[in-house]
Amino acid sequence: MVHFLHPGLSPRTIVPPDAQKDDLGCGVAQEEASPYSLVNICLNVLVANLEKLCSERSDGTLCLPEHWSFPQELADQFVGVMTWQGKLTDRTASIFRGNQMKLKLVSIQKAKISTAAFTQAFCHHRLIELDATAVHTDLSIPDILRGLCSNSWIQQNLRCLLLDSASIPRNSRLLFFGQLTGLRILSVFSVCFHSEDLANVSQLPRLESLDISNTLVTDISALLTCKDRLRSLTMHYLKCLTMTKPQILAVIRELKCLLHLDISDHRQLKSDLAFHLLQQKDILPNIVSLDISGGSCITDEAVELFIQQRPAMQFVGLLATDAGYSEFFATAQDLRVAGGANMSQISEALSRYRNRSCFMKEALYRLFAETFATQVAMPAILKLVAIGMRNHPLDLPVQFTASACALNLTRQDLARGMPVRLLSEVTCLLFKALKNFPHYQQLQKNCLLSLTNSRILVDVPFDRFDAAKFVMRWLCKHENPKMQTMAVSITSILALQLSPEQTAQLKEELFMAVKELLAIVKQKTTDNLDDVTFLFTLKALWNLTDESPAACKHVIENQGLAIFIQVLETFSESTIQSKVLGLLNNIAEVRELSSKLMTDDVVKHVSSLLHSKELEVSYLAAGIIAHLTSDKQPWISHDLQRRALLQDLYTTIQSWPSSSCKMTALVTYRSFKAFFPLLGNVSRPEVQLWALWAMYHVCSKNPSKYCKMLVEEEGLQLLCDIQKHSEADPQAQHIAASLLDDFRMHFMNYRRPPLC
C-alpha cells in the first residue's frame, strides 16, 4: 500500500564538417514530440533481436537469413543505428559481408571493430562516404586506407572520408591518400597528421574540403598545390605551425577559391593571426564563411569592415573574442554569427562547435548567464545542450556547465513546454555524467535539483533504479537542510516507481536510507517540528516499505516502532497519523514481521485511531487490525483481546460510508495480493469485510487500473467463492457481488474472465 531513436544517415553536402548544422528551432520541438518513424522502430527491433534472427558462422560471426535483402538507404541506416547503439562489433559487422546489403553512406563512429572485420564487412561495397570518427584503436587510419584502396571502385568514387580522432600506430610514416582520387572531403581533426601527409593530400585531383585542425602540421605551403580547387579549409588550433604570420597569410592569399576558412583558436593561446587577416584588403575575395573564434585583439570595427568589403559573407565565428556586440551584427541581413552577445549568437555557437570542447564550454557559460531568469521554453536550445553533453562525456567543465544550463531551461513550469523524449535524453545524460564524475559535488547537486521537477520525476522515462541509488546515497551525506529536504522528497516519489524486485536489489542503499530517514523522524519529533521535511520523510518511509519486506525489516531493526509511537504521542494531526499508520500497514502485511506489532503501545494507539473522525486514519488503523487478527495463532493467550478488536473493527466498518461513495481514493495499491489471505478467511467476516471494502473502494475510483489488476492477479475467483459460500457474511457477499458487477460493466471487452 502506498500514498498517493536515433536519426538515420543522410547524404552530406560538400561543406566543412563543422559547418554541417541541424535544422533547429521549432522543428526540434516537433521532431522530439513526434513518434519515431516506422523505419527507425523497425531497425531498432532488428538490432535488438539480431542474435535471434541471424545464424552463426563457424568463426562465430553472424549471418543474415539468405532470402533477406535491404535497399541501399535502409542498409545505410541499419549500420548507423547499430553504430549509435554500440552494437557494431566484429561479430555483428559480418552481416554486411556479401551482397545482401548495398552500402553507400557508412558511419562507424566510435565502433570497436578489427581491421579484418572492417575490410570484410565494408570494403567490397561501393562506398561514397565513410565516417570513421573516433573508431577504436584496433582499426587504425593506415588499416582503413588499405581496406578502402583494396577496392578500385572506391578509389575512384569515394567522395567523403572523416577520420577525426582516429589512431595511427607510432611506427607508421607517411599516410597514403593518393590512391583515393575521387576524394572531395577529408577531415583529419585531432590526428597525428604531419606536413608530409598534407603534401600528399594536397595532390588529390578533386579535393575541395579539408580539415586539418589540431594536427601536427608545421607548414601549410603544400596547400598551394590545390589552390585552384580548395573551397573549404578548416585549421582550428593548428598549434604546431612554425611559419610566420606573413608566410601563413601569403598562402591564404593564394587560395582564391576558398568559400570557407576556419582559423579559430583556443582563447588561452592569444593567437593574433585573425587580427592580421582582418587587416588584409586583397585576401579571400569569395569568402562566404570565416571563423575566427578565440582570436585576440579582434574588434567590432575590424570585423564590420572586413564583412562590408565582402558582401557575400553568410557566417562569421566570433565566440571568445571581444567582437560581435555592435548593432551591425544584430541588423545585418543573412549573416549568422557564432558568438556570445545574445541568444541567437549563442545558439549558433552551440550548433557550430558541438565537437569542440573549448568553445562548447564557452558557449554554455554564456548560455547559463543568458537563461538564468528565462520564462520561455526553448527546446531547440536544450537539444543543443544535450548534444554538447553527449559529445564530450569526459570533459568536466562541459558536463558541469551543461547541467547548470539544463536546470535553467527546465526549472519550474519550463519543463512542461519540453518534449518528453528530450527531457529523457537530458536526464539520462545527467546520470551518465554522475557516473563519470562521482566525486564532483556540484554536479551531483545539479542532478538532484533536476529531479525535484515534478514533470521530470513523474512523466519522463529514465533509469529510476540508478536514480534511487544516487538519491539514497546523497541522503546519507548529511548535507544542508535544503538539500536534505529535496533528497527526501525525491526518495518518496522514486520509491513508488520501483518494482518490489528493484527495491530489494538496493540492499545497502536501502538499509542506509531507512536508517537515515528514521533518524530524521526521531530528531524532528524530539524537536516537536512537523515541517515539510518531516512530512516528506514519513511519506518516503511509507512508500519504501510498500511490498518491501527488507525495508520493513530495516524499520523494525532500527527501533522504528518506538520512534513511531513517539510520533503518535507527539503529534495529533491526521496527515501525520495516516502516514505512520500506512507504514505500519505495510509491516503488518509481512507475515514474518506482523507479530512485532503486537505490543501494548502499538495495539493501544491503533485501536484508538480506529475511531478517528478522519476516514483515512480510521481506514488505515482498521487495515492494521485486520492483518494482525487474521491469524489466530499469535493470539492464543490473548483471545479475548483479539475478539474485542474484531468486534470493534466490524462496528467501525459499519459506520463508514459506502465504499463506492463520491470521495477521492484514500490510498493506492500496487497489488491486491496482500488482501487475498484476508478474503479467504470466511471464519472471520470482520477481516474479510475490511479487505472487500478496500478493494471495492479503489476499484470504483480507478476501475481501469484495479479491475485489470483483479484479472491479472487472479483475484476474481476469490470474489466468486465469497459470493457462493453458504457461510459467508451477507454484507461481504453483497460487496463481492457489487465488485463483480462493476467489473462486468467496465471490462466486458478486456478479456473473458472466470466470472461466476
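A residue is taken as buried when its relative accessible area is under 20%, as exposed when this area is over 50%, and as partly exposed in between. By this criterion, Arg352 counts as buried because its relative accessibility is 12%, and Glu348, at 6%, likewise counts as buried. These assignments, like the others reported here, were derived from a predicted model.

The side chains of Arg352 and Glu348 meet in a salt bridge, with an N to O distance of 3.0 Å. The two residues are four places apart in helix H14, which spans residues 343-352, and they are therefore separated by about one helical turn. An α-helix has 3.6 residues a turn, so residues three or four places apart point the same way. The setting of this pair reflects that of the helix to which it belongs: eight of the 10 residues of H14 are buried, so the helix is largely enclosed by the rest of the structure. In addition to Glu348 and Arg352, the buried residues of H14 include Met343, Gln345, Ile346, Ala349, Leu350 and Ser351. The cover over these buried residues includes three strands, namely E10 (289-291), E11 (315-317) and E12 (336-338), together with helices H13 (327-331), H15 (357-370) and H16 (379-391). At the start of H14, a side-chain oxygen of Asn342 comes to within 3.2 Å of the backbone nitrogen of Ser344.

A search of the whole structure returned 26 salt bridges. One of these joins the side chains of Glu51 and Arg91, at an N to O distance of 2.7 Å. Glu51 lies in helix H3 (residues 50-53) and Arg91 in helix H5 (residues 90-93), so this pair ties together parts of the protein that are 40 residues apart in sequence. Both partners fall in the intermediate class of accessibility: Glu51 is partly exposed, with a relative accessible area of 46%, and Arg91 is partly exposed as well, with a value of 27%.

A further salt bridge is formed by Asp459 and Arg455, whose closest N and O atoms are 3.7 Å apart. Both residues belong to helix H20 (residues 454-459), in which they are four residues apart, about one turn of the helix. Here the partners fall in separate classes, since Asp459 is partly exposed, with a relative accessible area of 40%, whereas Arg455 is buried, with a relative accessible area of 14%. Elsewhere, salt bridges that share partners join Glu51, Glu56 and Arg91 into one network.

Two buried positions, Thr133 and Cys149, were examined for their surroundings. Thr133 is located in the loop between strand E4 (129-131) and helix H7 (141-149), and at 16% relative accessibility it counts as buried. The side chain of Thr133 is joined to that of Asp131 by a polar contact of 2.6 Å. When residues up to four places away in sequence are not counted, Thr133 touches Gln109, Lys110, Leu162 and Asp164. Cys149 lies in helix H7 and, at 12% relative accessibility, also counts as buried. With neighbours within four places in sequence left aside, Cys149 is in contact with Gln155, Gln179 and Leu180. By contrast, Cys149 and Gln523, which are 374 residues apart in sequence, are 74 Å apart in space, C-alpha to C-alpha.

At the surface, Tyr36, Leu38, Ile41 and Val45 make a nonpolar patch of about 370 Å². Of these residues, Ile41 is found in helix H2 (residues 38-48), where its relative accessibility of 39% places it among the partly exposed residues.

With regard to the overall architecture, the protein has 37 helices and 12 strands, and its C-alpha atoms fill a box of roughly 105 × 65 × 45 Å, taken along the principal axes. Buried residues make up 55% of the 756 residues, while the protein exposes about 32800 Å², of which carbon and sulfur atoms supply 52%. The domain assignment gives domain 1 (54-183), domain 2 (463-656) and domain 3 (676-755). The C-alpha centres of domain 1 and domain 2 lie 59 Å apart.

How values were computed: Residues are numbered from 1 along each chain as its sequence is written. This is a predicted model: local features need pLDDT of at least 70, side-chain atom pairs count only at pLDDT 80 or more; totals for chains, interfaces and linings use all residues. Side-chain values use heavy atoms; hydrogens and water are left out. Patches are made of residues with over 30% relative accessible area and no salt bridge: like charges are joined within 9 Å, nonpolar side chains (Val, Leu, Ile, Met, Phe, Trp, Tyr) within 5 Å. Accessible areas come from the Shrake-Rupley method with a 1.4 Å probe; for residues, only the protein chains shown count as cover. A salt bridge is a side-chain nitrogen of Lys or Arg within 4 Å of a carboxyl oxygen of Asp or Glu. Buried means under 20% relative accessible area, exposed over 50%, partly exposed in between (1.4 Å probe, protein chains only). A polar contact is a pair of N or O atoms within 3.5 Å; within protein, one must be able to donate a hydrogen and the other to accept it, and residues adjacent in sequence count only if both atoms are side-chain atoms. Contact means heavy atoms within 4.5 Å. Domain bounds come from an automatic or database domain assignment.
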